[in-house]
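Please work through the exercises below with the sequence and the structure in view, and try each task before reading its solution.

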Amino acid sequence: MENCVFCLIAEKKLDSQIIYEDDISLAFKDINPVAPFHVLVIPKKHIRSLGDVEDFNLVSHLLYVCNLVAQKEGLTKGYRVVTNVGDDGGQTVFHLHFHVIGGRPMDWPPG
């Protein structure tokens with residue numbers, strides 16, 4: 001998708017603080033963190049949201065990467081993984097992404 005900010009990051013056309021990358025996915029620091037550790041995990045391929053996923057092996061891989069970056073950061077007390085779907089779900093960038101948030105206790109309910 002030509003104007004998608006996350007596609008541009010995946011294509012290295014926009015700067016980001018990448019902390020993990022493989023052939024399928026990319027993890028980078030959120031520019032508006034809500035916790036001491038806040039990373040976004042995205043597929044390199046443009047997919048609008050979790051509601052548009054057709055390859056559920058991709059979701060498994062992205063969740064694996066969420067765990068990998070959390071472990072790498074040493075979030076042994078826990079962390080939260082969130083994805084927003086659609087306008088009512090709070091999605092603001094329409095490219096599938098998972099927030100990995102940690103480094104402090106999380107409240108519930110979240111929203």
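Two exercises on salt bridges follow, each with a worked solution.

The model is predicted, so local features need pLDDT of at least 70 and side-chain atom pairs count only at pLDDT 80 or more, while totals for chains, interfaces and linings use all residues. Residues are numbered from 1 along each chain as its sequence is written, and side-chain values use heavy atoms, with hydrogens and water left out.

**Exercise 1.** Find the partner with which Lys 13 forms a salt bridge, and state how far apart the closest N and O atoms are.

Solution. Begin with the rule, which asks for a side-chain nitrogen of Lys or Arg within 4 Å of a carboxyl oxygen of Asp or Glu; by this rule the count comes to three salt bridges. Next, look at Lys 13, whose partner is Glu 11, with 3.4 Å between the closest N and O atoms. Finally, compare accessibility, where buried means under 20% relative accessible area, exposed over 50% and partly exposed in between (1.4 Å probe, protein chains only): Lys 13 is exposed at 60%, and Glu 11 is partly exposed at 44%.

**Exercise 2.** Work out which residues are joined into one network by salt bridges that share partners.

Solution. Start at Glu 21, which meets Lys 12 in a salt bridge of 2.8 Å, N to O. Then turn to Lys 44, whose side chain also forms a salt bridge with Glu 21, again at 2.8 Å. Through these shared partners, Lys 12, Glu 21 and Lys 44 belong to one network. As a last step, note that Glu 21 is partly exposed at 36% relative accessibility, as are Lys 12 at 46% and Lys 44 at 26%.
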